[in-house]
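Please work through the following exercises with the sequence and the 3D view side by side, and try each task before you read its solution.

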Amino acid sequence: MSTEASVDTTVLNTGGAAGSSFDPAAPYRISESVSVRPEPFGALVYDFVTRKLSFLKTPQLVEVVTTLEQHPDARSAVEAAGVPEAQHEAYLTALAGLLKSGTIVAR
């Protein structure tokens, strides 16, 4: 089963289990069980525990996800990646889905 994170009309399509509520003002990081492999389209994301393969469909979303730990909160990571303000909510929605699926976790 695959999970896709995108920043177009369908921001995130995930079959992940319910998780914590996403708070853009909270700090997050990539889960320790997750590996991110950059690709020209974005990245492949593999969770070694759930054995789920996901796709991050934009290089900018990859930058947000891989630098989450370097920022005080999710919103700051989105801003630092240079995401246009009009797309902030779409990226935050994608991060909420990644939290729900366990790709990112609170720190």
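**Exercise 1. Salt bridges**

Find which residue E32 meets in a salt bridge, and then look for the other such pairs in this predicted model.

Solution. Begin with the side chain of E32, which meets the side chain of R29 in a salt bridge with an N to O distance of 3.9 Å. A salt bridge requires a distance within 4 Å, so the 3.9 Å of this pair satisfies the cut-off. E32 itself counts as exposed, because its relative accessibility is 74% and exposed means over 50%.

Next, turn to R37 and E39, whose side chains form a salt bridge at 2.7 Å, N to O. Here E39 is partly exposed, with a relative accessibility of 23%.

Finally, R75 forms a salt bridge with E89, and the closest N and O atoms of the two are 3.8 Å apart. This pair links distant parts of the chain, since R75 lies in helix α2 (residues 74–80) and E89 in helix α3, 14 residues apart. R75 is partly exposed, at a relative accessible area of 32%. A search of the whole structure finds three salt bridges.

**Exercise 2. Helix α3**

Check whether the length of helix α3 agrees with the expected span, and decide from its buried residues how far the helix is enclosed.

Solution. Helix α3 covers residues 88–101, which is 14 residues. The expected span is 1.5 Å times one less than the number of residues, so the helix should span 20 Å, and its end C-alpha atoms are indeed 20 Å apart.

For the second part, use the cut-off that buried means under 20% relative accessible area. By this criterion 10 of the 14 residues are buried, so α3 is largely enclosed by the rest of the structure. The buried residues include H88, A90, Y91, L92 and A94, and further along the helix L95, G97, L98, L99 and S101 are buried as well. Just after α3 comes G102, which takes a positive phi of about 90°.

**Exercise 3. Strands β4, β5 and β6**

Describe the surroundings of S35, and then work out how β5 and β6 are arranged with respect to each other.

Solution. Locate S35 in strand β4, which runs over residues 34–39. S35 is partly exposed, because its relative accessible area of 32% falls between the limits of 20% and 50%. Leaving aside its neighbours within four places in sequence, S35 is in contact with L44, V45, Y46 and F48. Y46 is 11 residues from S35 along the chain, yet the C-alpha atoms of these two residues are separated by 5.3 Å.

Now follow L44 to its partner: L44 stands opposite F55 in β6. Strand β5 (residues 42–47) pairs with β6 in the antiparallel sense, over five bridges. The two strands form a hairpin with four residues between them, and in the turn R51 has a positive phi of about 65°. As a last step, compare the two faces of β6 (residues 52–56), where K52, S54 and L56 make up the covered face, while L53 and F55 make up the uncovered one.

**Exercise 4. The whole chain**

State how many helices and strands the protein has, and in which order its elements run.

Solution. The protein has three helices and seven strands, and from the N terminus on the elements run β-β-β-β-β-β-α-α-α-β. Of its 107 residues, 45% count as buried.

How values were computed
Residues are numbered from 1 along each chain as its sequence is written. This is a predicted model: local features need pLDDT of at least 70, side-chain atom pairs count only at pLDDT 80 or more; totals for chains, interfaces and linings use all residues. Side-chain values use heavy atoms; hydrogens and water are left out. Buried means under 20% relative accessible area, exposed over 50%, partly exposed in between (1.4 Å probe, protein chains only). Contact means heavy atoms within 4.5 Å. Two strands pair if DSSP finds at least two bridges between them.
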